[in-house]
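Here is an informal walk through one model, a few residues at a time. Keep the viewer open and follow along.

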Amino acid sequence: MSAENAYSNYCLKGFEVAQQYAARAQELYGRSRQQLEEAEVPARDQLQQIMASWQRALSEAGNGDDAQQRAASAWLDHARQYGQVISKHQNSVGQTMKDLGEQLASAYDEAQQKARANFSDYLADLQTLASGKSDE
């Protein structure tokens, strides 16, 4: 093996490691985006139901002597339900992003280990060449 071949092998392996990491990162981002989109649908539906329920409660509260009290009660109920849905959704998004961060860090660590091993192999090849024990 020549120094040029050793360097060429080193570069090719490095490129392969980079490609593998990029593919893994893209897969992780895609999966997280899908999870976020799937979590959004029920939250959006729940919020629409809460809004419709609040509007019905306001319509019904408009009739009678205690209209203000019923409207205030409807608003408090709406705000509580709305807050619960938003909080649950935010927790879900936060967990998804936390998981993504951990998975990306793991993939990065794996790529770094492969890159270090590749560099170590390259140095070993150069050492072999320098000692005159080449296969060629």
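## The aromatic cluster

Tyr7, Tyr10, Phe119 and Tyr122 come together as one aromatic cluster. Keep in mind that this is a predicted model. The total for the structure is seven aromatic pairs.

Stay with Tyr7 for a moment and look across to Leu123. These two are 116 residues apart along the chain, yet their C-alpha atoms are separated by 9.6 Å. Leu123 sits in helix α2. With a relative accessibility of 41%, Leu123 falls in the partly exposed class, because that class runs from 20% to 50%.

## The cavity

Two members of the cluster turn up again here: Tyr10 and Tyr122 are among the residues lining the largest cavity. How many cavities of 30 Å³ or more does the structure hold? The count is one, and the volume of the largest cavity is about 30 Å³.

Ala6, Asn9 and Lys13 are also part of the lining, along with Asn118, Asp121 and Asp125. Both helices take part, since α1 and α2 each supply at least two of the lining residues. Sorted by class, the lining has three nonpolar residues, two polar ones and three charged ones. Tyr10 and Tyr122 go into the nonpolar group because Tyr is classed that way, and Ala6 joins them there because Ala is too.

## An edge-to-face tyrosine pair

One of the aromatic pairs is worth a visit of its own. Tyr21 and Tyr108 meet edge-to-face, with 6.1 Å between centres and 75° between the planes. This pair bridges distant parts of the chain: Tyr21 belongs to helix α1 (residues 3-61) and Tyr108 to helix α2 (residues 67-131), and they are 87 residues apart. The label edge-to-face fits because the cut-off for it is a plane angle over 60 degrees.

Are these two rings' residues buried or exposed, or something in between? Tyr21 is partly exposed at 28% relative accessibility, and Tyr108 is partly exposed as well, at 41%. Neither value is under 20%, so neither residue counts as buried. For a sense of scale, go from Tyr108 to Ala43: the two are 65 residues apart along the chain, and their C-alpha atoms are separated by 33 Å.

## The nonpolar core

Which residues make up the largest nonpolar core? There are five: Ala25, Leu28, Leu100, Leu104 and Ala107. Helices α1 and α2 each give at least two residues to this core, and α2 gives the most, with three. As a general point, nonpolar side chains tend to be buried together in soluble globular proteins.

Ala25 is the α1 member to check first in the viewer. Its relative accessibility is 10%, so Ala25 counts as buried. Ala25 and Val41 are 16 residues apart along the chain, with 25 Å between their C-alpha atoms. Ala107, another core member, is in contact with Tyr21, Arg24 and Leu28, leaving aside neighbours within four places in sequence. That list includes Tyr21 from the edge-to-face pair and Leu28 from the core itself.

## Two buried polar residues

Ser32 is in helix α1. Its relative accessible area is 5%, so Ser32 is buried. Skipping residues up to four places away in sequence, Ser32 touches Thr96 and Leu100, and Leu100 is one of the core residues.

His78 is in helix α2. At 7% relative accessibility, His78 counts as buried too. What does His78 touch, not counting residues up to four places away in sequence? The answer is Ile50, Met51 and Trp54. Both His and Ser are classed as polar, because they are in neither the nonpolar nor the charged list.

## One more stop on α1

Finish at Glu16, which lies in helix α1. Glu16 counts as partly exposed, at 45% relative accessibility. From Glu16 to Gln103 the separation is 87 residues in sequence and 20 Å in space, C-alpha to C-alpha.

Methods. Residues numbered from 1 in each chain as written. Predicted model: local features only at pLDDT ≥ 70, side-chain atom pairs only at ≥ 80, totals over all residues. Heavy atoms only, no water. Phe/Tyr/Trp six-rings, centres within 6.5 Å; stacked < 30°, edge-to-face > 60°. Helix = DSSP H or I, 4+ residues; strand = E, 2+ residues; numbered from the N terminus. Buried < 20%, exposed > 50% of the residue type's maximum accessible area, 1.4 Å probe, protein only. 1 Å grid on protein atoms, 1.4 Å probe; cavity = no way out; pocket = protein on both sides within 12 Å on 5 of 7 lines; lining within 4 Å. Points joined across faces, edges and corners; volume = space filled by probe spheres on them. Core = buried A, V, L, I, M, F, W, Y, C linked by side-chain atoms within 4.5 Å. Contact = heavy atoms within 4.5 Å.
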